[in-house]
Amino acid sequence: MNSVGVVMGSDSDFNVLEATIKVLKEFNVSFEVKVSSAHRTLERTLNWVNAFEAQGGQVLIAGAGMAAHLPGVVAAATTLPVIGLPIKSGALDGVDALYAIVQMPPGIPVATVGINAGKNAGLLAIQILAQTDSHLKEELKAYRQKMAAEIETKDQAIQE
Ligand code: RP5
């Protein structure tokens, strides 16, 4: 069983999704990755979402650029939470993807992270899983404590 499903519209998005995959690995979360487009391979995308849900998946992350319909299409096909990740590409540098993903019509929400915010997409998925996994919740707390400690260290270095 894979808890997180990661899908991207093109292999050209992979460099951004790498940060997502890295954080999922860091927290030892089970996941699967798919390249599938809402426009170029619609049926294949829908089949993958259905199979992911059927095998017990809990959260989906969908990254896409330009007219980024992938997260919305995925969200329409499932009641699982969907995290949308706008990718910087094309003439509008990801602002088009951000607007397409964040402006979902009422009824079919997509939890949207920032442009190229692959790491936050992964962390948000982990936070969702942590609501029913106390061990993961403790790991997240430790992760945040480490972040805070690093800022303390940097601050100290500046004072010296
Ligand atoms: C989107 O179009 C993809 O998510 C990608 O960000 C963008 C360009 O795709 P390619 O032409 O590089 O395959 O569907």
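Modeller: Two residues are in contact if their C-beta atoms, placed from the backbone, lie within 7 Å. In this predicted model, F31 meets that condition with N2, S3, V4, V6 and L24, leaving aside its neighbours within four places in sequence.

Biologist: Where does F31 lie, and what makes it partly exposed?

Modeller: F31 belongs to strand β2. Its count is 18 other C-beta atoms within 10 Å. A buried residue needs 20 or more, and an exposed one has 12 or fewer, so a value in between is called partly exposed. F31 is therefore partly exposed. Its C-alpha atom is separated by 34 Å from that of K154, which is 123 residues away along the chain.

Biologist: Why is V74 called buried?

Modeller: V74 has 28 other C-beta atoms within 10 Å. The threshold for a buried residue is 20 or more, so V74 qualifies. The residue sits in helix α3 (residues 70–76). Its contacts beyond four places in sequence are V7, V49, L60, A62 and V82. The C-alpha atom of F27, 47 residues away along the chain, is separated from that of V74 by 24 Å.

Biologist: What makes L129 buried, and which residues does it touch?

Modeller: L129 has 20 other C-beta atoms within 10 Å. As the rule reads 20 or more, that count satisfies it, and L129 is therefore buried. It is part of helix α5. Beyond four places in sequence, L129 touches S3, V29, Q58, V59 and L136. L129 and I21 are 108 residues apart in sequence, with 15 Å between their C-alpha atoms.

Biologist: Why are α5 and α6 called oblique to each other?

Modeller: The axes of α5 (residues 118–130) and α6 (residues 134–159) cross at roughly 135° and come within 8 Å. Roughly parallel requires an angle under 35 degrees, roughly antiparallel one over 145, and roughly perpendicular one of 65 to 115; the rest count as oblique. The crossing angle fits none of those three ranges, so the two helices are oblique. From α5 the contact draws on I126, Q127, L129 and A130, and from α6 on L136, K137 and L140.

Biologist: How do the residues of this contact divide into nonpolar, polar and charged?

Modeller: There are 5 nonpolar, 1 polar and 1 charged. Lys counts as charged, so K137 supplies the charged residue of the contact.

Biologist: How do you know that S10 is partly exposed, and what does it touch?

Modeller: S10 has 17 C-beta neighbours inside 10 Å. That number falls between the limits of 12 and 20, so S10 counts as partly exposed. S10 lies in the loop between β1 (4–8) and α1. It touches V35 and S37, not counting residues up to four places away in sequence. S10 is also one of the residues surrounding the ligand.

Biologist: Which residues surround the ligand, and how does this shell divide?

Modeller: The shell consists of G9, S10, S12, D13, S37, A64, G65, M66, I87 and S89. It divides into 3 nonpolar, 6 polar and 1 charged. Gly is counted among the polar residues, so G9 and G65 belong to that group.

Biologist: Which residues does the UniProt annotation "binding site" cover?

Modeller: According to the unreviewed UniProt entry, they are S10, D13 and R40. R40 is found in the loop between β2 and α2 (42–54).

Biologist: What makes R40 exposed and T41 partly exposed?

Modeller: R40 has 10 other C-beta atoms within 10 Å. The limit for an exposed residue is 12 or fewer, so R40 is exposed. T41 occupies the loop between β2 and α2 and has 14 C-beta neighbours inside 10 Å. That count lies between 12 and 20, so T41 is partly exposed.

Biologist: What is notable about phi of N28, and why is N28 called exposed?

Modeller: Phi of N28 is near 55°, a positive value in a residue other than glycine. N28 lies in the loop between α1 (14–26) and β2 (31–35). It has 9 other C-beta atoms within 10 Å; as 12 or fewer is the criterion, N28 is therefore exposed.

Note on methods. Residues numbered from 1 in each chain as written. Predicted model: local features only at pLDDT ≥ 70, side-chain atom pairs only at ≥ 80, totals over all residues. Axes fitted to C-alpha atoms, helices over the stretch in contact; angles between N-to-C directions. Helix = DSSP H or I, 4+ residues; strand = E, 2+ residues; numbered from the N terminus. Near = placed C-beta within 6 Å. UniProt positions renumbered as here; feature names shortened; annotations may be inferred.
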